[in-house]
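Student: Could you take me through one part of this structure up close, and then show me how that part sits in the rest of the chain? I'm new to this, so please explain the terms as you go.

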Amino acid sequence: MTLPPQEHLGPGDRIMVVVAHPDDAEFMCAGSVAKWTREGREAVYVIATNGNKGTPDREVDPAELAALREGEQRGACAVLGVSKVEFLRHEDGTLQNTLQLRREVARLIRVHRPSAVVTEDPTARFVGNRINHPDHRAVGDATVDAVFPSARDFHMWPELYYEEGLEPHVVDHLYVSGRGGEANVRIDVAATIELKIAALRAHASQVRNPTPEFDEFVRSMARRNAEGSPYEYAESFRYFHLGARPPSQNAPPPNTPIRA
Ligand SMILES: [Zn+2]
């Protein structure tokens with residue numbers, strides 16, 4: 001499958017990345033996030049779970065691991081130029097697409113008012129020959145549902161306006177992780193692939209063996225994403241144009257997947 005290179009974001013667009021675990025965003029989209037922030041855009045992360053089960057070590061205290069992983073996530077965000085991280089601190093491994101989670105994400109969309117939201121693929125039951133983590137699907141489901149229609153509709157949780165003054169908000173651009181195999185855009189991350197590697201290495205409790213082989217593994221994934229494009233390294237997404245404003249001239253018509 002050949003995917004055309006595309007850029008949809010204008011100079012002032014703000015990006016919100018919503019993922020299940022500390023380190024998910026780094027694997028999924030850190031090269032794109034670093035590119036967008038280097039171009040002057042603001043980026044905010046929302047991390048849904050506390051990541052407190054992310055170790056095979058029985059001696060590790062889950063509460064200590066959660067605190068450690070928040071610190072690692074802040075370190076990765078500093079590398080990438082992400083200005084703020086919101087931790088929802090749900091229990092790792094048990095995330096579900098509840099109305100509560102959807103409300104939390106929709107509330108943060110109304111707080112931060114991003115033009116673009118990036119999240120995990122709720123339809124990805126399997127990724128290649130692996131089973132996708134259920135938290136990844138749950139956060140993708142809740143986020144997609146929050147983007148449309150919950151953040152947009154005043155009568156969803158009107159108390160968000162009456163109690164907190166939070167106006168409804170329309171997200172213009174939705175990027176869903178391309179790992180489920182339905183990608184229709186790629187972002188050129190050649191200039192930021194080393195920042196992606198540095199941000200991944202910030203998750204020291206997860207990347208326990210930060211060897212040159214690990215770095216090369218990250219580059220090889222990005223090289224595979226770039227195959228058939230003019231890019232050396234890329235990240236791929238399934239893209240939806242949702243807002244009223246037209247996307248850039250290279251973009252597809254609203255909600256039209258590209259097949260090439
Ligand atoms: Zn994860």
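Tutor: Let's start at one pair of residues: the bridge partner of Thr49 in strand β3 is His90. Strand β2 (residues 43-49) and strand β3 (residues 84-90) run parallel, paired over five bridges. Two strands count as paired if DSSP finds at least two bridges between them. To get from β2 to β3 the chain passes through helix α2 (residues 62-80), and this β-α-β crossover is right-handed. That word means that, with the strands pointing away from you, the path from the first strand over the helix to the second runs clockwise.

Before we go on, a word on what you're looking at. This is a predicted model, where local features need pLDDT of at least 70 and side-chain atom pairs count only at pLDDT 80 or more, while totals for chains, interfaces and linings use all residues. Residues are numbered from 1 along each chain as its sequence is written. The helices (H or I, at least four residues) and strands (E, at least two) are DSSP runs numbered from the N terminus, and the chain has seven helices and nine strands.

Back to β3, where you'll find Arg89. Arg89 isn't a glycine, yet its phi is positive, about 60°. Arg89 counts as partly exposed, because it has 14 C-beta neighbours inside 10 Å. The rule is that 20 or more other C-beta atoms within 10 Å make a residue buried, 12 or fewer make it exposed, and anything in between is partly exposed, with C-beta atoms placed from the backbone. Compare Asp23, in the loop between β1 (15-19) and α1 (24-38). Asp23 has a positive phi too, near 100°, and isn't a glycine either, but Asp23 is buried, since 24 other C-beta atoms lie within 10 Å.

Now, what covers helix α3 (residues 99-112)? The cover over its buried residues includes β1, β2, β3, α4 and α5 (159-164), so our two strands turn up again. Those buried residues are Leu101, Arg102, Val105, Ala106, Leu108, Ile109 and Arg110. The 14 residues of α3 should span 20 Å at 1.5 Å a residue, and its end C-alpha atoms are indeed 20 Å apart; the expected span is 1.5 Å times one less than the number of residues. Just after α3 comes Arg113, with a positive phi near 50°.

Val105 and Ile109 also belong to the largest nonpolar core, which has 64 residues, and they are among those with the most contacts inside it, as is Val17. A nonpolar core is a set of buried Ala, Val, Leu, Ile, Met, Phe, Trp, Tyr and Cys residues joined through C-beta atoms within 7 Å. Helix α1 gives the most to this core, seven residues. In general, nonpolar side chains in soluble globular proteins tend to be buried together. Leaving aside neighbours within four places in sequence, Val17 is in contact (C-beta atoms, placed from the backbone, within 7 Å) with Ala25, Cys29, Val33, Ala43, Tyr45 and Val118.

Finally, zoom out. Of the 260 residues, 47% count as buried. Among contacts with a separation of 6 or more, 79% link residues 24 or more positions apart. The C-alpha atoms fill a box of roughly 50 × 45 × 35 Å along the principal axes.
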